[in-house]
Amino acid sequence: MRTKLVAGNWKMNLTPTEAAAAVEAFIKLVDARENVDVILCPSYVSLPKVRELIRNTHVKLGAQDVFWEESGAFTGRVSASMLGDLGVSHCIVGHSESRGRFGKMETDASLAPYFAETDHTVNLKIRRLLFHAINPILCVGETLAERETGKTEEVIAGQLRGGLDGIDPAELYFLVVAYEPVWAIGTGQTCAAPEADRVCGFIRDTIAGMMGTDVAEHTRILYGGSVKAANSAELFQQPNIDGGLVGGASIDPGEFSRIVFSA
Ligand code: PGA
């Protein structure tokens, strides 16, 4: 039986001062809820403050990204050992906003290189995180064009294979995968619960094929993309959905606590 998990991805929102206020309000609302795992992923600059405020609670600390090298001349990057030192237990990798979503969505193609994560860099990041005993939250998902041309499964299987390539299954016991259809992120357009469940089931089968059924049964597969209190209960009831990766709605302590309660 997998414990439900709800992770809040604050993206580039909330200053450290605002983050502190949000965490304090949120903790008051959800502290009794110990049968659901909760992870807050603030921006790097808010990690120390959030860590301090969640001490002695069951809420865990997550980061939104990491760089794959151990240390060195990589201006602006943050390493897994730095995250580990700050008490980070989970880290998002391969989010579609890092994979080059802006290019794919035909906003300004010149922005794409800034976010050009590939399956290979995702793989390097996962390896580095595991080396530092930080659990990856691997994001996968198709764009609207990929869905409309029937490529959803092919794209997701490729992201899973590329991201997890060559990693020992024994290291992936605490893996978290987030199914985040790109067209549903920040758009208000949620994937219908039965369809999200079907794709999450496909993800579990693919992991079973790659890593064995034991890893697949332990992997928590989250749905992400316009999750809110109004749709979270239906999503989280699906047999293959073990919780959510919540963006916009996780910034509001009241809304986010309602989502956690629905799990
Ligand atoms: P959203 O974002 O909930 O704002 O759609 C989810 C995510 O990007 O993780």
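Gly224 finds its bridge partner in strand β8, and that partner is Leu245. This is a predicted model, so please read the distances and contacts below as computed values. The pairing of Gly224 with Leu245 belongs to a wider arrangement: β7, covering residues 220–224, pairs with β8 in the parallel sense over two bridges.

Strand β8 has a second neighbour as well. Strand β1, residues 5–9, also runs parallel to β8, and four bridges join these two strands. Here Leu5 has Gly243 as its bridge partner in β8.

Which way do the residues of β8 point? Gly243 and Leu245 point one way from the strand, while Gly244 and Val246 point the other way. In a regular strand, side chains alternate between the two faces of the sheet. In β8, which spans residues 243–246, the residues pointing either way are all buried.

Now to the ligand. There are 13 residues around it, and those that come nearest are Lys11, His95, Glu180, Gly186 and Ser226. Sorted by class, this shell has seven polar, four nonpolar and two charged residues.

Some of the polar contacts to the ligand can be set side by side, each involving an oxygen atom of the ligand:

| Residue | Protein atom | Distance to a ligand oxygen |
|---|---|---|
| His95 | N or O atom in the side chain | 2.6 Å |
| Glu180 | N or O atom in the side chain | 2.7 Å |
| Gly248 | polar backbone atom | 2.8 Å |

His95 and Glu180 thus appear both in this table and among the residues that come nearest to the ligand, and each makes its contact through the side chain. For Gly248, the contact comes from the backbone. How much of the ligand does the protein cover? On its own the ligand has 280 Å² of accessible area, and the protein covers 95% of that.

Finally, a look at the cysteines. How many disulfides does the structure hold? The count is zero. A disulfide is a covalent bond between the sulfur atoms of two cysteines, and the cut-off used here is a sulfur pair within 2.5 Å. For Cys91, the nearest cysteine sulfur is that of Cys41, 7.9 Å away, so Cys91 is in no disulfide under that cut-off. Cys91 is also buried, with a relative accessible area of 0%.

Cys139 is in no disulfide either; its nearest cysteine sulfur, again that of Cys41, is 9.3 Å away. Is Cys139 buried or exposed? Its relative accessibility is 1%, so Cys139 counts as buried.

Terms used: Residues are numbered from 1 along each chain as its sequence is written. This is a predicted model: local features need pLDDT of at least 70, side-chain atom pairs count only at pLDDT 80 or more; totals for chains, interfaces and linings use all residues. Side-chain values use heavy atoms; hydrogens and water are left out. Buried means under 20% relative accessible area, exposed over 50%, partly exposed in between (1.4 Å probe, protein chains only). A residue is near a molecule or strand if one of its heavy atoms lies within 4 Å of it. A polar contact is a pair of N or O atoms within 3.5 Å; within protein, one must be able to donate a hydrogen and the other to accept it, and residues adjacent in sequence count only if both atoms are side-chain atoms. Accessible areas come from the Shrake-Rupley method with a 1.4 Å probe; for residues, only the protein chains shown count as cover. Ala, Val, Leu, Ile, Met, Phe, Trp, Tyr, Cys and Pro count as nonpolar, Asp, Glu, Lys and Arg as charged, and the others, Gly among them, as polar. Two strands pair if DSSP finds at least two bridges between them.
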